[in-house]
Amino acid sequence: MQAKNALVTGAAGFLGYHLCSRLLKEGYAVFGVDDICTGLNSNAEELKKKGVEFVKSDVSNDWDQWATSLPSSFDLVFHFASPASPPLYQKMQLKTLAVNSLGLYRALEFATSHKARLVFASTSEVYGSPQVSPQPESYWGNTNSFGARSCYDEAKRFGEALIYSYNQEKNTRHGLVRIFNTYGPNMNPNDGRVIINFLVQLKEGKPLTIHGDGKQTRSFCYVDDLIEGIYRYALKTDLAYPINLGNDKEFTILALAQEIQKLSPKKIEIEFTDRPVDDPPLRNPDLSLAKGILDWSPKVPLLEGLKKILETL
Ligand SMILES: NC(=O)c1ccc[n+]([C@@H]2O[C@H](COP(=O)([O-])OP(=O)(O)OC[C@H]3O[C@@H](n4cnc5c(N)ncnc54)[C@H](O)[C@@H]3O)[C@@H](O)[C@H]2O)c1
């Protein structure tokens, strides 16, 4: 039987690592590419040990140097490369814009010429500061095209538009998932996203820092649940439109900090700091499409997921 090949960009990142691991389990020959600008060398090393063929390269640049030596046909391409946490993408704004436009275009060309289905990691940030909650896929969003978060939010919106137009003109069926906050092992501890921040602070016995008054809401999906959803979308469907994936149990950031306090054997304080510019006040996915079409829903409760990640820190 011919080997099934999959390429994952952003393979050394948090989600890339888990996606590659899942694809290996499903019997794929897995090829990963990453320039490790926000990911972890240790993720790349672990993947290589598991059998992933790994290339270090910036996917916004020309792919010829490394892609010409890959197999001539692929089943799946996942374009997951992109800085993803606000502090990191704000340090790499042009790079973030490039990887979700130029990088995605190169990935689409590669996938199409290798007869593969591409799935793009889009985000709940396309909804911006939503005026509708929970957010269904049909909601057009409320984003700021000229501000601190624009390089990420608008880059992902451009990426979605690129997939739409590419499919229209080239008669392809590439797809995209809108991922809501996800957490789990193998995240960069310096990433700056809220759960990993709190857990690192807990480990170091430092106060948990909340930006603003903590009344802003988020929902948190454990990585194994998310990967299952992505896997079903990519393999079990040929959908060419977005589907929300995440957890629809909504928490305030203050409630999250209080859950995390419970995990500490000693008393740990909460500190309040300034709220970042354009930080959305709420975020909660409408999962009706994912539940109906993919027969998928998140399973891992927050406390259980937090304990799993804490064991690895
Ligand atoms: N984790 C989440 O909660 C979440 C939510 C919404 C969307 N996403 C999207 O999922 C994808 C993965 O996110 P993550 O949480 O694993 O972040 P991550 O930062 O851990 O992983 C991203 C990886 O992409 C790599 N990368 C960035 N730019 C690159 C480039 N130009 N060339 C090659 N490699 C590059 C980084 O080095 C990193 O390893 C991103 O596209 C992100 O926007 C993630």
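Colleague: By class, how many nonpolar, polar and charged residues does the shell around the ligand have?

Modeller: This is a predicted model: local features need pLDDT of at least 70, side-chain atom pairs count only at pLDDT 80 or more, and totals for chains, interfaces and linings use all residues. Residues are numbered from 1 along each chain as its sequence is written, and side-chain values use heavy atoms, with hydrogens and water left out. Ala, Val, Leu, Ile, Met, Phe, Trp, Tyr, Cys and Pro count as nonpolar, Asp, Glu, Lys and Arg as charged, and the others, Gly among them, as polar. On that split the shell has 15 nonpolar, 11 polar and 6 charged residues.

Colleague: Which residues come nearest to the ligand?

Modeller: A residue is near the ligand if one of its heavy atoms lies within 4 Å of it. There are 32 residues around the ligand, and the nearest are L15, D34, T38, D58 and Y152.

Colleague: How much of the ligand's accessible area does the protein cover?

Modeller: Start with the polar atoms. A polar side-chain atom of D58 lies 2.8 Å from a ligand nitrogen, while ligand oxygens lie 3.1 Å from a polar backbone atom of F80 and 2.9 Å from one of T182. On its own the ligand has 820 Å² of accessible area (Shrake-Rupley method, 1.4 Å probe). The protein covers 98% of it.

Colleague: Which element gives the most residues to the shell around the ligand?

Modeller: Helices (H or I, at least four residues) and strands (E, at least two) are DSSP runs, numbered from the N terminus. Those giving two or more residues are α1 (14-25), α5 (93-99), β5 (117-123) and α7 (150-170). With 3 residues, the top contributor is β5.

Colleague: Is C221 buried or exposed?

Modeller: C221 sits in strand β10 (residues 221-222). Beyond its neighbours within four places in sequence, C221 is in contact (heavy atoms within 4.5 Å) with N181, T182, Y183, L226, G246 and N247. Buried means under 20% relative accessible area, exposed over 50%, partly exposed in between (1.4 Å probe, protein chains only). C221 has 0% relative accessibility, so it counts as buried.

Colleague: With which side chain does the side chain of N284 make a polar contact?

Modeller: N284 lies in the loop between β13 (270-273) and α11 (288-293), and counts as buried because its relative accessibility is 8%. A polar contact is a pair of N or O atoms within 3.5 Å; within protein, one must be able to donate a hydrogen and the other to accept it, and residues adjacent in sequence count only if both atoms are side-chain atoms. At 3.4 Å, the partner of the N284 side chain is that of E250.
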